[in-house]
Amino acid sequence: MTTLEILLVVFVGFAGGLAVGTGFVAFLVVLGVIPRLTQLTKTMKRVHAYEWGAVAGAIVGGWMSLRHSVWHLSKYWLVPIGLLHGVFIGMLAAALTEVLNVWPILAKRIGVDDKIVILLMAIAFGKVAGSLFHWLYFVDHFR
Amino acid sequence: MANTVFIKPRHRVQVKPGAVVTLGQAAQIAAPDGGLIRRLKTIPLYRIQPSDKNIVIIDMMQMIRAVLDVDSSLDLQMIGPSQTIIEVVYEKRKFSSASFVLVWLLLFVGSAMAIMNFHEDVSMQQVHRHLYEMMTGQAVDKPLLLQIPYSLGLGIGMILFFNHWFRKRINEEPSPLEVEMFNYQQSIDQYVILHENKESLRPLDDA
């Protein structure tokens, strides 16, 4: 590999990372998950620390998945990791329905303003049930 | 100054079908003379017709005309919004429990399918297997120790985002859902103010 080739590969890798990283941040910003978390916990002043948390997570995840590093930890570490993973994806999904303006229109059209929390529960339980069904049954029988 | 009357149209007023909307219903009134206020409050502005359907807009100018008809010596000071939205509330259609259950099931099954398609789309099973192997050094076919907490977390995350669990304890800010509902209502109000108000639209053929 010549020096030029190495520089070219470094440049392409860096450019690709830059594009994916900006896309990731833009996605988080549009959905407003971090502001919502600061609002829930009243920690608006720490928002910069949260930014660094998201950036550090992206770097660690990227590094680990590309290097295939292995840590040999107890398997029970996966329980809290799985829970946090789920909460994050759940918040993304909730934020997405909000961006799409699903709830106000649904409430107006069918006139259930007072029961909207029950409908919200339908979606939350549906996600849990669908996900459990997928992991426990679907992956064994339909792949 | 003795004849000055301040009138502030209300934003939104609900009335029954066939009712007569009076100035006191449609607006707040302030004047030095209490008797005058009482008299002004009863001025009829508009009788709701069946053809009006849900929304009637009463323009500020209609109110001024109605007041001046009664007493043209008054000095009217109009403040606040320039119209009132009159919402005609018909007998509430009872939303049947059967259709509610149907909508509930629709959302339940739909979101279950959506999350399964999402998992397949991003090959999450493979990602979970890799993650399990990275953390523990063992390869497993079904990393359920990761996936079951993940599934429960999904529900918790959704409820957390919209929710009211913490709201009472931690702060009084409205939840994103309440803000969304408010914004939607505001947009509808803006629309009906312009489109249902015969006074502010003037088509070409209207002489």
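Reader: Hi! How many residues does the contact take from chain B, and how many from chain A?
Author: Happy to help: this is a predicted model, where local features need pLDDT of at least 70 and side-chain atom pairs count only at pLDDT 80 or more, while totals for chains, interfaces and linings use all residues. Residues are numbered from 1 along each chain as its sequence is written, chains are lettered from A and ligands numbered from 1 in the order in which they are written, and side-chain values use heavy atoms, leaving out hydrogens and water. With contact meaning heavy atoms within 4.5 Å, chain B gives 59 residues and chain A gives 69 residues.

Reader: Which residues of chain B lose the most area to chain A?
Author: Buried area is the accessible area (1.4 Å probe) that two parts lose on being put together, summed over both. Chain B and chain A bury about 6300 Å² between them, with 76% of it on carbon and sulfur atoms. On the side of chain B, 12% of what is buried comes from three residues together: B:Met134, B:Met135 and B:Phe161.

Reader: Which side chains meet in a salt bridge, and why does the pair join two chains?
Author: A salt bridge here is a side-chain nitrogen of Lys or Arg within 4 Å of a carboxyl oxygen of Asp or Glu. The structure holds four over all chains. One partner lies in helix α6 (residues 116–141) of chain A and the other in the loop between α5 and α6 of chain B, so the pair joins two chains. With an N to O distance of 2.7 Å, the partners are A:Asp140 and B:Lys142.

Reader: Which helix provides the largest share of the side of chain B that touches chain A?
Author: Helices are DSSP runs (H or I, at least four residues), numbered from the N terminus. Across this interface the rule finds 15 residue pairs in polar contact, both at pLDDT 80 or more (a pair of N or O atoms within 3.5 Å; within protein, one must be able to donate a hydrogen and the other to accept it, and residues adjacent in sequence count only if both atoms are side-chain atoms). The elements giving two or more residues to that side of chain B are α4 (97–121), α5 (124–136), α6 (144–162) and α8 (176–195). The largest share, 19 residues, comes from α6(B).
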